[in-house]
Structure formats: structure tokens, C-alpha cells
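Trainee: Got a minute to go through this model with me? I'd like to start with how the helices pack.

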Amino acid sequence: MPHESRQEFKVTGGPALRCKGWRQEGLLRLLENVLAVGENPKDLVVYAALGKAARDWPSYRRIVETLRTMDESETLVVQSGKPIGLLRTHARAPIVVMANCNIVGQWANAETFYDLEQKGLICWGGLTAGDWQYIGSQGVIQGTYEILSRIAERHFGGSLAGRFVLTAGLGGMGGAQPLAGRMAGAAILCIEVDEARIVKRIENGYLDASAADLDIALGMIRQAQSSGRALSVGLCGNAAEIYPALVARGIVPDVVTDQTSAHDLLYGYVPPGLSLDAVRRLRSEDPKRLMAESRAAIVRHVEAMLAFRRAGAVVFDNGNLIRTQAREGGVADAFDIPIFTEAFLRPLFCRAIGPFRWIALSNDPADIAAIDDLVLALFPDNRIVTNWIRLARDAVPFEGLPARIAWLGHGERTALALAVNRMVAEGRLAGPVAFTRDHLDAGAMAHPNIMTERMRDGSDAIADWPLLNAMITCSSQADLVAIHSGGGGYAGYMTSAGVTLIADGTPAAEERLRLTLDNDTSLGVMRYADAGYDEAIDEASRKGIAHFPGGGA
Ligand SMILES: NC(=O)c1ccc[n+]([C@@H]2O[C@H](COP(=O)([O-])OP(=O)(O)OC[C@H]3O[C@@H](n4cnc5c(N)ncnc54)[C@H](O)[C@@H]3O)[C@@H](O)[C@H]2O)c1
């Protein structure tokens, strides 16, 4: 299949419309953006090993063509990255609706997914790839930073200065770790098996330096620790070898996690002893052997993480299913390692405070700078967000269209988006702004080994919430709504919903933003209130969210 060259995946900015309106143009720019900043655009892969922007190149081209020619009173229907048709709806309906990688329960496993994928019947959209919301490594950076900050508060007297953080994986999302670690003040060592990823992170400003071998890396970390200097170091190597080697040497980092693509034994995790080319060959020649080797390596990797934990390190799972893979490989105590959401972020999700994003469709960084100022003016008492914006505006480089992520909650998101829409209307920004949020958000995800692990009422695996979320955002006039389930190693593990809005300065956009954002976060608060969390019940009553306690009896 011929593919486009990377050259063609530049972002488009400026005031000129190629579509019949900004709603369509905004979504088209976001689609182009996820490939421009993605990990492997020639295969349409955006991040997480296999998370794709479209099913195949004909699908991609048809989506682009449709967005360019459709009216706003039509809705484009996308099924697992393939455009299925264009329906006549009305100007208040979404421009695009999507269902990506939803497989019926009994069949939702990695083998069925790979089979369907190879037949060209399905593709996995990750969380933000298939619905064109990915903004580069920045997308998870505040989440990682907040986790490290909570760890600093809870375990290290409020600061990670002089502390050693060990992690692995410098891919699309994992690439945020070194910068988040440095922003939190730590000396962070990142193990990555693919040298090219280390080079990419240094080039885009997310990683400070690379080390030629483990001794040099440890020397750099020790030096940074002793002077209390924040530093990120990349080391090319395999985590399944280096973590156990550190254990054998008796070295105990202060904090340990991992963000390799461990969720996928075939396309993600790389076992030691094989070159990257050999891994690529084995995928087609002997997938069973590759998966077995990946599983065995993950067992060693997680056993080392457990050894660090026993020796006193703060160890957590960063959302890549590594504990699940290890448990299936026989590590009975893999789940002694806590998941980051339950351990550190659930109190925020109870108040629907989560990763909210905005993207300057003009491609003008000055628009993001102006919105940074607006956020600081609108929420002066919100310590989390003001601290973050001050840090991020200096430290976080843009990839692709300029964008910002900040953890905001119910009411705050709406207030910000409406103020931005007014700025667009008054010509105070160079162009419209897109708003999205991560699927890992209060009312939008069921993911029993990540987002909803150990919910207070035991409702971990109930996927009604993301489905309700998608229905609510559709009825609230969002511009794009997507329902995703897991693919590859995540098949059968999760369901989530995504939403995108284009603030083009019109009164119609004002209504869409207000309804969608208010209802999205209201549902998030309701989800946690319903599960019995006091913070959510309190938030619902403080903010007038019409939740029916006890089912409205
Ligand atoms: N915490 C969250 O909220 C969150 C968010 C997004 C993604 N994730 C998960 O994080 C994981 C990573 O996502 P990504 O987008 O960075 O994936 P990616 O595929 O872009 O990158 C994974 C990286 O891990 C490296 N790697 C694989 N095996 C290795 C090994 N044994 N030792 C060292 N390096 C190894 C790969 O070379 C690659 O660079 C995925 O499982 C993803 O689903 C979690």
C-alpha cells in the first residue's frame, strides 16, 4: 500500500478555510496534527504501539475529503478508523461520531483483535489517536507531574529534589516522564530499548541527556542527587535486564514505575536478547514465540519492581497493564504494586478534576500564551492549575499545533472555554481553539486495572458510564464524539469516551461548549458520588449538580 511521506504531515494553521466551516476545518487540523506529532505516521500509528488515526490510507483520504466537502448539517460516521457514510442530521448534531474497536464481550481478547485487525476489519484508536485528540507527549505530562508531586508530598516532605526516580519507556506517552520528573525536581533515569526514541526526546526538549552505559547513567544521577539538581537521563537498554541488574547491585531508587508498552505482548513490549529488526520479523514469522518471550521478560521486570518495593521504594503502575501481564505470567503478588489512579489521583477525579486540553487551530503559539494568562486570571486560587501553568509555559515545548493541558474541574472548564470563545469572537486570538479532554477522565472511562480499579462500591468493570457519557455529549451538541474500547493487549480491558469541541467564536459554539462541558463533568461527579465517594457527594451539593443520592428513592 503506498503511503504518504512524513513531509505531507505538516500541521495547517492560519485563517484560510479548506472546509465549509470551522467545525469541519478544526477537526481536519486535529487529524493532521495527530500524524504530524505521532510516533510512526507512515503506518498511521500515533502512540501506544498500535494506536491509529485511521484504519488505512484509503480511509484516511476519504475522511479528509469528506471533512472538506460536508455541510455542518451532516454527520460523518466512522467505524474503527474507517469512514462508513455521511448522514443528514442538523447543524446542532456532531460533525463526526465514531465507534472504535468495540468487540462483543466474549470475543474481546487480543487474539480476536489481531485476527480482525489483520483482516482489515478493525483498528485500535488508543484513547486519543483514533479520535484525533493527541497533542504529543504533553498529553499526559501534567498527570505524571501531579502523581510525582503527590508522592513528594506524601513520602518526601514535599520535594523530590535529591531523589532518584527510575522508569522505562520513552515512547509517545512515556516520553513525558523525563520532563515531568525534572519539573518535579527529581533526578530521573529512563530506560528505553530504542535509541531513536531517546534521540527524539532529546531533540524535542523532553529529555536532558543520554548515557552510554549503566555506570555512567548512575554516576550522572548520583551527581544530580547530591547537588539537589533536577536532571533526566536516558539509557538505551532493556528494562527487563536493567531493573533486575539494579536489584542485584543493591541499588534502591526512591520512586519506581514503568511506561513501556507492556499492554501489548506482540506490538509493544520488546523482550531482551532480540534486535528491534528481529522483533519486527518475529511478529509475522512466530508471533507466539514473541508473545511468550515478552511475557517472560515482563515477569522479570515486575519481580524487580516488587523487590524495589520491598526494599522501600515507592513503586506504582503507570497505566500500561504491566501488573496484569505479570500476574498472567505467574507473579501472584503483582497487584501489590498500586495503580496511580487509585493511589494518587482519585480524589481529583471525584471532583471531575482531570486532564482538559486546548489546541490553537491557528498554529500560533501566542494564542496559547494568551490563554495561559487567562487561566491565571480566572483561577487565581486554584493552586494546582496556577502552579502548573507557570511551570508549563516555560518548560513544556510544543509539538505540532500549540496546545496546553491543565487539570480543571466542573465549572472551571466551561468558564475557560466560554471566555476563550469570546476572545475568538473579538479577534483577540489568531484563530479558533479546539477543546478536548483525555478519556482518562471522571465520567468517561471504565478500565478496571487502571481508572476504576478498586472502586468503593465494586463497580470497577461496569462500562455504562462511558456509554452514557458519549450519549450525553452527543445530545449536548459536541462536535466529535467517540466510543473506544481496548485493542491489542487492552482488548476486553476497557471502554472509554472522547469528546472534542471547536470554539469558533459563534453563539452556536457558546451553546455547544456550555452544554457539553457542564454535562460531561457533571456526569463525572455523579459517577463517583454514585460509587459513594464523599468528595464527589460534596462536590455535587456545592456545585448544584442534580445527582440523585441513593438512586433518587
Ligand atoms: N498513565 C496513563 O494515563 C497512560 C496514558 C497513555 C498511555 N499509557 C500506556 O503507557 C504505555 C506507553 O505508551 P506510549 O504511548 O509511550 O507507547 P509507545 O509504544 O509509543 O512507547 C513505548 C516505548 O517502550 C519501549 N520499550 C518497549 N519494551 C521495552 C523494554 N523491555 N525496555 C525498555 N523499553 C521498552 C519502546 O521502544 C517504546 O519506545 C502504553 O501501555 C500505554 O497504553 C498510560
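Mentor: Sure, one term to begin with: a crossing is left-handed if the near helix is turned anticlockwise from the far one by less than a right angle, and right-handed if clockwise. Keep in mind that this is a predicted model.

Trainee: Okay, so which way does α13 pass α14, left-handed or right-handed?

Mentor: The crossing of α13 with α14 is left-handed. α13 covers residues 365–378 and α14 covers residues 383–395. They pack at an angle of about 155°, and their axes are 9 Å apart.

Trainee: What does that make α13 and α14 relative to each other?

Mentor: Angles over 145 degrees count as roughly antiparallel, and α13 and α14 are therefore roughly antiparallel to each other.

Trainee: Which residues make the contact?

Mentor: On the α13 side you have A369, D372, D373, V375 and L376. From α14 come V385, T386, I389, R390 and R393. By class, the contact of α13 with α14 has five nonpolar, one polar and four charged residues.

Trainee: And how does α13 sit against α15?

Mentor: α15 is the helix at residues 412–425, and it packs with α13 at an angle of about 135°, with the axes 11 Å apart. That makes α13 oblique to α15. Here the crossing is right-handed.

Trainee: Who meets whom there?

Mentor: A370, I371, L374, V375 and L378 in α13 meet A415, L416, A419, V420 and M423 in α15. By class, that contact of α13 with α15 has ten nonpolar residues, no polar ones and no charged ones.

Trainee: Switching to the ligand: which residues come nearest?

Mentor: There are 30 residues around the ligand, and E192, S261, H263, N318 and Y490 come nearest of those.

Trainee: What about the backbone of A49, how far is it from the ligand?

Mentor: A backbone N or O atom of A49 is 2.9 Å from a ligand oxygen. M173 also has a polar backbone atom 2.9 Å from an oxygen atom of the ligand.

Trainee: And the side chain of Q259?

Mentor: An N or O atom in the Q259 side chain lies 3.4 Å from an oxygen atom of the ligand.

Trainee: Last one: what's at the start of α6?

Mentor: α6 spans residues 195–203, and at its start a side-chain oxygen of D194 reaches to within 3.0 Å of the backbone nitrogen of A196. Just after α6, G205 has a positive phi of about 85°.

Technical notes:
Residues are numbered from 1 along each chain as its sequence is written. This is a predicted model: local features need pLDDT of at least 70, side-chain atom pairs count only at pLDDT 80 or more; totals for chains, interfaces and linings use all residues. Side-chain values use heavy atoms; hydrogens and water are left out. Axes are lines fitted to C-alpha atoms, for helices over the stretch in contact, and angles run from 0 to 180 degrees between N-to-C directions. Helices (H or I, at least four residues) and strands (E, at least two) are DSSP runs, numbered from the N terminus. Angles under 35 degrees count as roughly parallel, over 145 as roughly antiparallel, 65 to 115 as roughly perpendicular and the rest as oblique. Contact means heavy atoms within 4.5 Å. Ala, Val, Leu, Ile, Met, Phe, Trp, Tyr, Cys and Pro count as nonpolar, Asp, Glu, Lys and Arg as charged, and the others, Gly among them, as polar. A residue is near a molecule or strand if one of its heavy atoms lies within 4 Å of it. A polar contact is a pair of N or O atoms within 3.5 Å; within protein, one must be able to donate a hydrogen and the other to accept it, and residues adjacent in sequence count only if both atoms are side-chain atoms.
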